[in-house]
Amino acid sequence: MDVAPFISFLTRYWPVFVDGLQITAFVAVLAAPAAFIAGILLVLPAVSGWKGLAAVVRGFVELMRNTPLLVQIYLLYFGLPLLGIFWGAITCGVIAIALQHGAFLSEIVRAGIQSLSVRQWEAGQSIGMRRFAILRLVILPQALIKVTPALGNQLIVLVKDTSLVSAIGVMDLTLTGKVLIERSGMSFEVFIAVALFYLILTTSLGIAARLVETFVARRYA
Amino acid sequence: MTSTASDPIVSVRKLHKSFDKLEVLKGIDLDVRRGEVVVVLGPSGSGKSTMLRCINFLETFQSGTITVDGRPVGYEAGDHRRPLGEARNAKVREHVGMVFQSYNLFPHRTVIENVMMGPVKVKKVARALAREKGMALLAKVGMDHKADAYPGQLSGGQQQRVAIARSLAMEPSVMLFDEVTSALDPELVGEVLKVMRGLAQEGMTMIVVTHEMGFARQVADRVVFMDGGVIVEEGAPGDIMAAPKTERFGNFLSRNLDQ
Ligand SMILES: Nc1ncnc2c1ncn2[C@@H]1O[C@H](COP(=O)(O)OP(=O)(O)OP(=O)(O)O)[C@@H](O)[C@H]1O
Ligand SMILES: [Mg+2]
């Protein structure tokens, strides 16, 4: 593949790619914080000692972790209307991604919490703090600091997983690519370009994650 | 509740504590009066830490009662032994300061933030006031110059002094010290003991578990010797450390004489 024709191809379809990139970024920007919040919420019952709820959440997390994300997206998008609930494709995609990644994140955060010494809990108790306050102010921050690298990793997986929303018609980078192939017939060039755009997104996130890691490591070593 | 100077701040009655089948405390009775410094001595495994941890209910116990400032610890007063619940346990712990062998500072917070955490988050003291009082406490333990450092940047002795300030910030009725110098390099022990001496002189009520015989002799109002989960002997250090009444304490003293 020559570079010059590829460049002219890129410039020609640039606005179309940018539209797709924006949708992909939009889905990721909604799903990532939602997944983070879901991850924290899913870890709370187990570490707060709410036994019944913890068992239910455990089952939910296993279910989420052990079924394909694409199936979950289909389930929401095609299943909910049967219950009389009509959500848009982006909403269904964001929720499915947030739930599955929330499940994985909760496992990461739980491991971080368990790696902390019980003495940190006791230190909090000794100054009269209650369990939830200790969790919020002492335990969770330290656990999150410990698992920063894993969180960064998961974020990159999440960005790549947003491509699955193309399966329910969201015009993201991936679906944009498919459409452009039909329009231009240049399948190879199109997906080189699509891959490049994903790469730009994920590597910049990767670099940001590294920066956060070094900052955290320097400050709390 | 009316209280007089002679009322005990801490009162332990017939305290029994087991870990599964292992009975660790076999009926402890201990009263600590306001301003009194009680040093607890005893061989490893005699139950010293467990007793301290029962006093602020970091450990549950099977029978007996503990009160701090007249408040029941862990269980309702009376025959029911109904657990008090988290909120009331936390309330009691506000009045009991505890310093651990391993400092247990919050590593993700600066020194001053460690000290402010209790007042701000538990007592809802305004941040500015908490900071001001916190700085005064840090000055008192000689750590105000490190207020904005993180615990990981401090020596063990410095961390332990901050841990003492963090406990003091809650203005507790009694301070519990569990071998707070045992993890320190020998040259750092003195600076921590000096802070504890100062507290004792100011009239702080203290229960101190330690292997520092010198501290016991010079600072304690009363020495309590524990062995095998019971209090074997107690009295003024000048009396019982010079002339132990029991063979067990005598042997313990001669084994630890070099310190
Ligand atoms: N969480 C626990 N589970 C089971 N057994 C325990 C636990 N904590 C302490 N024990 C046991 O209880 C006994 C008393 O322990 P404790 O820590 O109170 O002794 P100590 O007098 O403080 O000893 P040391 O001088 O070594 O600190 C020991 O036999 C110990 O093994
Ligand atoms: Mg001990």
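Two elements of chain B, β2 (22-33) and α1 (48-55), each supply at least two residues of the shell around ligand 1. The model is predicted, and what follows describes that model. The helix α1(B) gives the most to this shell, with three residues. The shell holds 13 residues, and those that come nearest to ligand 1 are B:S44, B:G45, B:K48, B:S49 and B:T50. Sorted by class, seven residues of the shell are polar, four are nonpolar and two are charged.

The next step is to look at single atoms. Three residues of chain B bring polar backbone atoms to oxygen atoms of ligand 1. For B:G45, the distance from a polar backbone atom to an oxygen atom of ligand 1 is 2.8 Å. For B:G47, a backbone N or O atom lies 3.0 Å from an oxygen atom of the ligand. For B:S46, the corresponding distance, again from a backbone N or O atom to an oxygen atom of ligand 1, is 3.2 Å. Surface area gives another view of the ligand: ligand 1 taken alone exposes 630 Å², and the protein buries 59% of that.

Chain A offers a question of helix geometry. How do α1(A) and α9(A) lie relative to each other: parallel, antiparallel, perpendicular or oblique? Helix α1 of chain A covers residues 3-48 and helix α9 of chain A covers residues 187-220. Their axes come within 10 Å and cross at roughly 50°. An angle from 35 to 65 degrees is neither roughly parallel nor roughly perpendicular, so α1(A) and α9(A) are oblique to each other. The crossing of these two helices, α1(A) and α9(A), is right-handed.

Definitions and conventions
Residues are numbered from 1 along each chain as its sequence is written. Chains are lettered from A and ligands numbered from 1 in the order in which they are written. This is a predicted model: local features need pLDDT of at least 70, side-chain atom pairs count only at pLDDT 80 or more; totals for chains, interfaces and linings use all residues. Side-chain values use heavy atoms; hydrogens and water are left out. A residue is near a molecule or strand if one of its heavy atoms lies within 4 Å of it. A polar contact is a pair of N or O atoms within 3.5 Å; within protein, one must be able to donate a hydrogen and the other to accept it, and residues adjacent in sequence count only if both atoms are side-chain atoms. Accessible areas come from the Shrake-Rupley method with a 1.4 Å probe; for residues, only the protein chains shown count as cover. Helices (H or I, at least four residues) and strands (E, at least two) are DSSP runs, numbered from the N terminus. Ala, Val, Leu, Ile, Met, Phe, Trp, Tyr, Cys and Pro count as nonpolar, Asp, Glu, Lys and Arg as charged, and the others, Gly among them, as polar. Axes are lines fitted to C-alpha atoms, for helices over the stretch in contact, and angles run from 0 to 180 degrees between N-to-C directions. Angles under 35 degrees count as roughly parallel, over 145 as roughly antiparallel, 65 to 115 as roughly perpendicular and the rest as oblique. A crossing is left-handed if the near helix is turned anticlockwise from the far one by less than a right angle, and right-handed if clockwise.
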